[in-house]
Amino acid sequence: MSNQFDVIVIGGGPGGYIAAIRAAQLGFKVACIDEWKNAKGGPAPGGTCTNVGCIPSKALLQSSEHYDQAAHHFADHGITVEGLKMDVAKMIGRKDTVVKQNNDGILYLFKKNKVTFFHGRGSFVKAAEGGYEIAVAGDKPDTLVGKHIVVATGSNARQLPGVPFDEKLVLSNDGALAIGEVPTKLGVIGSGVIGLEMGSVWRRLGAEVTVLEALPTFLAAVDEQVAKEAQKVFTKQGLKLQLGVKIGDIKTSKKGVSVAYTDAKGEAQKLECDKLIVSIGRVPNTNGLNAEGVGLKLDERGAIVVDDDCKTNLPNVWAVGDVVRGPMLAHKAEEEGVAVAERIAGQHGHVNFNTIPWVIYTSPEIAWVGKTEQALKAEGRAYKAGSFPFIANGRARALGDTTGFVKFLADAQTDEILGVHIIGPFASELISEAVVAMEFKASAEDIARICHAHPSLSEATKEAALAVDKRTLNF
C-alpha cells in the first residue's frame, strides 16, 4: 500500500522535520505532513522557527545591528558614513529570502533522505490495522496509515483575553517580523525573548520602544546578576522598561493603539503607540488534531501528555517539541525528534533537560545553561561562584564591545559545573563550551586548565572558571 508508512510525522518544524529525517536514516519508510504556506501558497516547512521565529528574527536583528553600527560605532574605526538611511522594505525582503532558503533546504533534505512530504494539515482519524489512519487536509486531500505517529505541531502565540491579533496594529511574533516601516512609537507587552528581540530591532532603527512587563523583576528566569546588568544596558540603549504593571483596556483606532495600565506604584497610566507587540508566551498547538477522537490525552494547558521518552498514552504515538512539556525551544524539539526516531528503532535516544542552553539574541546577547545562583540558594546547595568581565578581555576591546561578563557556578565540594551565565558579545556561541562541559560532568578546574586561543572571547570563559577558586591570569 503506497500510503502505508512506518512513521508519520505531523508537523514539519524543528522537532518534526528532524524526527522524519532521522527515522528515514534509520531505515524506516517515513512521511511528514506540514501545512505552512509561503506567499505563493507553496510548502514552507520549518514551522514557527523557520517562518516566523528563530530564523527571520535573527535576519532582522543582523540587519538592524549593521545599521546601528554604521550610525553609532563606525566612526570609532575611522569609517565615515554620510547619508545613512534604512530601506525597511529591502530589509524585510532579505529576511524573506533567508526564510525561503531554509524552507527549500528542508524540502531538499526530505528528498535526499527519501521522506515523503505531504502539504496540508494532518489529523487523526482512527486506529486502524497497521497503526493509525491520518487525514491530510489541503489542496490535495489524502489518507495515510502509519505504524508510529510522531506529533510535532508546535505552538501558537498567546493572545491577551479580548485582544485578538490583527497583525496590523496588535501584533504577534508573525506581525512583528513584517512591519513595513519604522514605527514612531512601538509598545511591547512582555519582556521575554520575543519582546526584547523585536523591541531591539525597531529601537535600533529609530522607534521609541516601551516594554510593559507584569512581573516585578526583569528577566526573572535569568540569573539575577545577569538580569540586572541587562536591565541597566537596555535602559541605557533607550528601551523604556516598565515592570510590575497591570494591563487594562487596549483600544485600537486609525491613530494606533492605546494601552491603559497601572504601574508598579498603583498609578493609572496610558501608553499611546503606533503598533503593539504582544509577547506573553505561547500555547501548545493541538488545533484540528482530533486528539479527542482517538483518546490522545492532553493536560490542562492543552499540551500532549508524554512520559520521559516522549511516549503518549496511545501505543506507538509520540509527541515532541512545543506541543509537550519542557522549554519551548527549537533545539530542544530537535533533540527530542532525534531521540524519538532512535527509540522507535530500539535505540536509546538521549535528551538532557539540564544541559539545554537558552539564548536571547539582543545586543548584548544573553545565554545560559544549568542552574541560576538564586535557584541554588533556594535549594540550599553549597556552591562557589566566579565571574570575569569582558572589559578586561583583549579580544572584546578590539571588537569594541566590552559589555557584560561570564559567570560560573560550581559545587562547593566537587567543583562540578552547575551553571554558566553569559551576557556579552557572541554569548550564543560561547555557551556551547559550557554545555559540552556540563554534559560530561566537568569541573570548573577542567575549563580553567584547557588551553584557549589568544586573543579570544573564550578566554573570558577560562578566566571565569579560574575565578571560581579566586584565581586569575587576566589576559
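**Cores, a long helix and a pocket**

In this predicted model, the largest nonpolar core has 37 residues, and Trp202, Phe218, Leu219, Phe234 and Ile366 are those with the most contacts inside it. Two or more residues of this core come from each of H3, helix H4 (88-112), strand S9 (185-189), H6, S10, H7 and strand S19 (365-370). Another core lies apart from it and has 30 residues, including Ala367, Leu430, Val435 and Ala448. In soluble globular proteins, nonpolar side chains tend to be buried together.

Leu219 gives a view of the larger core from one of its residues. Leaving aside residues up to four places away in sequence, Leu219 touches Ser191, Leu196, Ala227, Ala230, Ile360 and Ile366. Of these contacts, Ile366 is itself listed among the core residues with the most contacts.

Strand S10, one of the elements that contribute to the core, spans residues 208-212 and contains Val211. Is Val211 buried or exposed? Val211 counts as buried because its relative accessibility is 2%, and the cut-off for buried is under 20%. Beyond residues up to four places away in sequence, Val211 touches Val188, Gly190, Ser191, Lys240, Leu241 and Gln242. Gln242 is 31 residues from Val211 in sequence, yet their C-alpha atoms are 6.0 Å apart in space.

Helix H4 also contributes to the core. H4 has 25 residues, and the distance from its first C-alpha to its last is 36 Å, close to the 36 Å expected at 1.5 Å a residue. Which residues of H4 are buried? They are Val88, Met91, Ile92, Lys95, Val98, Val99, Asn103, Ile106 and Phe110. An α-helix has 3.6 residues a turn, so residues three or four places apart point the same way. The cover over the buried residues of H4 includes helix H1 (14-25), strand S2 (30-34), helix H2 (47-52), H3, strand S3 (115-119) and H6.

H3 and H6, part of that cover, also help to line the second largest pocket. This pocket holds about 1200 Å³ of space. Its lining is made of 34 residues, and those nearest its centre are Glu65, Gln69, Ser363, Pro364 and Asp401. At least two lining residues each come from helix H3 (54-72), helix H6 (193-204), helix H7 (224-237) and helix H12 (427-439). H3 gives the largest share, seven residues. Sorted by class, the lining has 14 polar, twelve charged and eight nonpolar residues.

Definitions and conventions
Residues numbered from 1 in each chain as written. Predicted model: local features only at pLDDT ≥ 70, side-chain atom pairs only at ≥ 80, totals over all residues. Heavy atoms only, no water. 1 Å grid on protein atoms, 1.4 Å probe; cavity = no way out; pocket = protein on both sides within 12 Å on 5 of 7 lines; lining within 4 Å. Points joined across faces, edges and corners; volume = space filled by probe spheres on them. Helix = DSSP H or I, 4+ residues; strand = E, 2+ residues; numbered from the N terminus. Nonpolar A, V, L, I, M, F, W, Y, C, P; charged D, E, K, R; others polar. Buried < 20%, exposed > 50% of the residue type's maximum accessible area, 1.4 Å probe, protein only. Contact = heavy atoms within 4.5 Å. Core = buried A, V, L, I, M, F, W, Y, C linked by side-chain atoms within 4.5 Å. Expected span 1.5 Å × (residues − 1).
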